[in-house]
Amino acid sequence: MVTTDSKNFEDTIKNDNVVLIGKKPVMNYVTACITFFNSGEKQVVVKARGRAISRAVDTVELLRRAFVKDLEINSININTEELFKIEGQKSNVSTIEIIVAKSETKVT
């Protein structure tokens, strides 16, 4: 069992438009993002940590290239969390937060 020194990664969720990346196939997360956009959300936050970071990047790239052509990456935030195991060992875990939004199409 692993506990965190600061706030738990999942406890930082404040909005409903957050997709947490885990071990599922990438298409599951792409579908979740598309569902948010279809329900009227202007932006979606994709969060991952550790080994799931590459899956988060794959999710955003697949979403941008194949499904939502007018997708913009608003920001990418990276961080490191210190985790303490029961044995007292400290380990660092990298985190990423990618905020994507549909671009506003201008009519002329």
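**Group meeting: a walk through one predicted chain**

The accessible surface of this chain comes to about 7200 Å², and 50% of that belongs to carbon and sulfur atoms. Before going on, please keep in mind that this is a predicted model.

I will start with the overall layout. The chain has two helices and five strands. If you read along the sequence, the order is β-β-α-β-α-β-β. Of the 108 residues in the chain, 29% are buried. On contacts, take those with a separation of 6 or more: 67% of them are between residues 24 or more positions apart.

Two pairs illustrate that kind of separation. A52 sits in the loop between β3, residues 43-49, and α2. Is A52 buried or exposed? It has 9% relative accessibility, and the cut-off for buried is under 20%, so A52 counts as buried. What does A52 touch, leaving out residues up to four places away in sequence? The answer is I21 and G22. A52 and I21 are 31 residues apart in sequence, yet their C-alpha atoms are 6.3 Å apart in space.

The second pair is N28 and T59. These are also 31 residues apart along the chain, and their C-alpha atoms are separated by 9.0 Å. N28 is found in helix α1, which covers residues 26-38. With a relative accessible area of 40%, N28 is partly exposed.

Next, helix α2 and its charges. The count for the chain is five salt bridges, and I will go through three of them. As a general point, side chains of opposite charge can pair when their charged atoms come close. In α2, the side chains of E61 and R64 meet in a salt bridge, at 2.6 Å from N to O. Those two residues are three apart in the helix, about one turn. E61 also meets R65 in a salt bridge, here at 3.0 Å, N to O. E61 and R65 are separated by about one helical turn, because they are four residues apart in α2. Taken together, E61, R64 and R65 are linked in a network of salt bridges.

How accessible are these three? E61, at 22% relative accessibility, is partly exposed. R64 is at 30% and is partly exposed as well. R65 is at 59%; the cut-off for exposed is over 50%, so R65 counts as exposed.

Helix α2 runs over residues 53-67 and includes F67. At 41% relative accessibility, F67 counts as partly exposed. Which residues make a nonpolar surface patch with F67? They are M27 and L62, and the patch is about 240 Å².

Last, the hairpin. Strand β4, residues 71-85, and strand β5, residues 90-102, run antiparallel and are joined by 13 bridges. One example of the pairing is I78, whose bridge partner in β5 is I96. On strands in general, side chains in a regular strand alternate between the two faces of the sheet. Between β4 and β5 there are four residues, and in this hairpin G88 takes a positive phi near 95 degrees.

There is a salt bridge to mention here too. The side chains of K90 and E82 meet at 3.4 Å, N to O. E82 has a relative accessible area of 33%, so it is partly exposed.

To recap: the chain has two helices and five strands, a salt-bridge network of E61, R64 and R65, and an antiparallel pair, β4 and β5, with 13 bridges.

Conventions
Residues are numbered from 1 along each chain as its sequence is written. This is a predicted model: local features need pLDDT of at least 70, side-chain atom pairs count only at pLDDT 80 or more; totals for chains, interfaces and linings use all residues. Side-chain values use heavy atoms; hydrogens and water are left out. Patches are made of residues with over 30% relative accessible area and no salt bridge: like charges are joined within 9 Å, nonpolar side chains (Val, Leu, Ile, Met, Phe, Trp, Tyr) within 5 Å. Accessible areas come from the Shrake-Rupley method with a 1.4 Å probe; for residues, only the protein chains shown count as cover. A salt bridge is a side-chain nitrogen of Lys or Arg within 4 Å of a carboxyl oxygen of Asp or Glu. Buried means under 20% relative accessible area, exposed over 50%, partly exposed in between (1.4 Å probe, protein chains only). Contact means heavy atoms within 4.5 Å. Two strands pair if DSSP finds at least two bridges between them.
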